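This report goes through a single protein chain, beginning with one residue and moving outward to the helices, the charged pairs and the loops.

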Amino acid sequence: MSENLTNEIIDILNEIDDTVDYKSEKHLIDDHILDSFGIISLVAELEGQYDVKVSAAEMVPENFNSADAIAAMVERLRK
């Protein structure tokens, strides 16, 4: 997984909420750090910036619990 992509995603997450340490946080969904509005904003940003389509099947906590997980999902969707 590209560290560059992870850093770009951290930048996007910081635009949504800059009070979280996204480099170390591994439970964004499980600990309710990212709310539904944040997820919708993030998905819209990911789809626009990376030309991917995040389907309902991808909307699971495992794909959104950390910046690394989000980056892995984006990489998978870009193929």
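Met73 is found in helix H4. The model is a predicted one, and every value below is computed from it. Met73 is buried, its relative accessible area being 0%. Leaving aside neighbours within four places in sequence, Met73 is in contact with Leu46, Val54, Glu58, Asn63 and Phe64. One of these, Asn63, is ten residues away from Met73 along the chain, and the C-alpha atoms of the two are separated by 6.2 Å.

**Helix H4 and the core**

Helix H4 covers residues 67-78. H4 has twelve residues and spans 16 Å from its first C-alpha to its last, close to the 16 Å expected at 1.5 Å a residue. Which residues of H4 are buried? They are Ala67, Ala69, Ile70, Ala71, Met73 and Val74. These buried residues pack against H1, H2 and H3.

The largest nonpolar core has 23 residues. Within this core, the residues that touch the most other members are Ile9, Leu13, Leu42, Leu46, Tyr50, Phe64 and Ile70. The elements giving two or more residues to the core are H1, H2 and H4. In soluble globular proteins, nonpolar side chains tend to be buried together.

Leu46 is one of the core residues with the most contacts to other members. Not counting residues up to four places away in sequence, Leu46 touches Ile9, Ile12, Asp51, Val52, Ile70, Met73 and Val74. Of these, Ile70, Met73 and Val74 are among the buried residues of H4.

**Salt bridges**

How many salt bridges does the structure hold? There are three. Side chains of opposite charge can pair when their charged atoms come close. The table gives each pair with its N to O distance and the relative accessibility of both partners.

| Pair | Closest N to O | Relative accessibility |
|---|---|---|
| Asp68 and Lys26 | 3.6 Å | Asp68 31%, Lys26 38% |
| Glu47 and Lys53 | 3.6 Å | Glu47 23%, Lys53 61% |
| Arg76 and Glu58 | 2.6 Å | Arg76 42%, Glu58 15% |

Two of these pairs link distant parts of the chain. Asp68 in helix H4 is joined to Lys26 in the loop between H1 and H2, 42 residues apart. Asp68 and Lys26 are both partly exposed. Arg76, also in helix H4, is joined to Glu58 in the loop between H2 and helix H3 (61-64), 18 residues apart. Here Arg76 is partly exposed, whereas Glu58 is buried. Glu58 is also among the contacts of Met73. In the pair formed by Glu47 and Lys53, Glu47 counts as partly exposed and Lys53 as exposed.

**A buried acid without a salt bridge**

Glu25 is placed in the loop between helix H1 (3-16) and helix H2 (36-50). Which side chain of opposite charge is nearest to Glu25, and how far away is it? The nearest is Lys26, at 8.7 Å. A salt bridge needs a side-chain nitrogen within 4 Å of a carboxyl oxygen, so that distance is outside the limit. Glu25 is therefore buried without a salt bridge. Lys26 itself is the partner of Asp68.

The side chain of Glu25 does have a polar atom 3.0 Å from the backbone nitrogen of His27. Residues up to four places away in sequence aside, Glu25 touches Val20, Asp31, Ile33, Asn65 and Ser66.

**Positive phi in two loops**

Most residues other than glycine have a negative phi, and most peptide bonds are trans. His32 has a phi near 55°, a positive value in a residue other than glycine. His32 is located in the loop between H1 and H2, and counts as exposed at 70% relative accessibility.

Asp51 likewise has a positive phi, near 55°, and is not a glycine. Asp51 lies in the loop between H2 and H3. With a relative accessible area of 71%, Asp51 is exposed. Asp51 is nevertheless among the residues that Leu46 touches.

Terms used: Residues numbered from 1 in each chain as written. Predicted model: local features only at pLDDT ≥ 70, side-chain atom pairs only at ≥ 80, totals over all residues. Heavy atoms only, no water. Helix = DSSP H or I, 4+ residues; strand = E, 2+ residues; numbered from the N terminus. Buried < 20%, exposed > 50% of the residue type's maximum accessible area, 1.4 Å probe, protein only. Lys, Arg positive; Asp, Glu negative; His and termini not counted. Polar contact = N/O pair within 3.5 Å; in protein donor to acceptor, adjacent residues only side chain to side chain. Contact = heavy atoms within 4.5 Å. Core = buried A, V, L, I, M, F, W, Y, C linked by side-chain atoms within 4.5 Å. Expected span 1.5 Å × (residues − 1).
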